Amino acid sequence: MGTNGSTMLEPLRQGLPPLDPAAVSNAASCALPPRFEAVREARGFTRRTLDRWDMGDRFDDVCLVVSELVTNALRHALPACTPRTGEHNGPVRLHLMRWPERLVCAVRDPSHDSPVARDTDDFSAESGRGLFLVDSFSDSWGWHPLAGTLDGKVVWALFRLPQPGA
């Protein structure tokens, strides 16, 4: 194993960071249709949610990460036979959760395959760039398989929130 940058991008198969679900300040989620317009819908949902939480100043970074996570789910996690028509309860779901010191974006999809950052030196390449951006703009990220009756996995990204007066 070399010390090149690609090891940093190897996805962490782990649950969400140790955050108490009971201490969550706010949570919002939306189902996304299995078509690429869903990225625009996810951005709009993120904008409205962050505005409501008075966090509009974090929109650019959070929205870039949300866009990449949703794009990855649509591009890589849906079977090729998935109809790309307006399904009201889509197979991809975006969750935004806020704790006093953390914001977590999580995207659920039906695939069991781990997210993989493409090992490429071509940063203009469309495919594989997404997880590099997620890693660059969030404080940490990872993924975990879903348990119980839910099938698939969740890929999440965490943002630390500055504390007032800190």
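Contact here means that heavy atoms lie within 4.5 Å. The structure is a predicted model.

## A buried serine in a loop

S111 sits in the loop between strand 3 and helix 3 (129-137). Buried is the label for residues under 20% relative accessible area. S111 has a relative accessibility of 9%, so it counts as buried. When neighbours within four places in sequence are set aside, the contacts of S111 are A77, G152 and K153.

## The sheet

The sheet is open and is formed by 5 strands in the order 1-2-3-5-4, with antiparallel pairing. Strand 1 (26-32) and strand 4 are at the edges; each has a single partner strand, so one side of each has no neighbour in the sheet. From one strand to the next, the twist averages 15°.

Strand 2 and strand 3 are antiparallel and share 7 bridges. The connection between strand 2 and strand 3 is a hairpin of 2 residues. Across this pairing, R98 is opposite L103 of strand 3.

## Strands 3, 5 and 4

Strand 3 (residues 102-109) also pairs with strand 5, in the antiparallel sense and over 8 bridges. Three positions illustrate the register. L103 stands opposite F159 in strand 5, C105 has A157 as its bridge partner there, and R108 is bridged to V154. L103 thus appears in both pairings of strand 3, opposite R98 and opposite F159.

On the other side of the pairing scheme, strand 4 (residues 140-145) and strand 5 are antiparallel over 6 bridges. In this pairing G142 faces W156 of strand 5.

Burial in these strands can be put in counts. In strand 3, 6 of the 8 residues are buried, so the strand is largely enclosed by the rest of the structure. Strand 5 (residues 153-160) is mostly covered, with 7 of its 8 residues buried.

W156 belongs to strand 5. Its relative accessible area is 1%, which means that W156 is buried. W156 and H95 are 61 residues apart along the chain, and their C-alpha atoms are separated by 9.0 Å.

## Helix 1

Helix 1 (residues 37-52) lies across strand 1, strand 2 (92-99) and strand 3, and runs at about 165° to strand 1. Helix 1 contains 16 residues, and the distance from its first C-alpha to its last is 23 Å, close to the 22 Å expected at 1.5 Å a residue.

The buried residues of helix 1 are A38, V39, A42, F45, T46, T49 and L50. Viewed down the helix axis, these residues fall within an arc of 125°, so they line one face of helix 1. The elements that cover them include strand 1, helix 2, strand 2 and strand 3. The exposed residues R40, R48 and R52 are carried on the face turned away from the buried side.

## The residue after helix 1

D54 comes just after helix 1 and lies in the loop between helix 1 and helix 2. What is notable about its backbone is the phi angle: D54 is a residue other than glycine, yet its phi is positive, near 60°. Most residues other than glycine have a negative phi. Exposed is the label for residues over 50% relative accessible area. D54 has a relative accessibility of 71%, so it counts as exposed.

## Helix 2

Helix 2 (residues 59-76) has 18 residues, which should span 26 Å at 1.5 Å a residue; the C-alpha atoms at its ends are 25 Å apart, in agreement with that value. Helix 2 lies across strand 1, strand 2, strand 3 and strand 5, at about 15° to strand 3.

Helix 2 is mostly covered, since 13 of its 18 residues are buried. Helix 2 is also among the elements that cover the buried residues of helix 1.

Definitions and conventions: Residues are numbered from 1 along each chain as its sequence is written. This is a predicted model: local features need pLDDT of at least 70, side-chain atom pairs count only at pLDDT 80 or more; totals for chains, interfaces and linings use all residues. Side-chain values use heavy atoms; hydrogens and water are left out. Helices (H or I, at least four residues) and strands (E, at least two) are DSSP runs, numbered from the N terminus. The expected span of a helix is 1.5 Å times one less than its number of residues. Buried means under 20% relative accessible area, exposed over 50%, partly exposed in between (1.4 Å probe, protein chains only). Two strands pair if DSSP finds at least two bridges between them. Axes are lines fitted to C-alpha atoms, for helices over the stretch in contact, and angles run from 0 to 180 degrees between N-to-C directions. The arc is that of the directions from the helix axis to the C-beta atoms.
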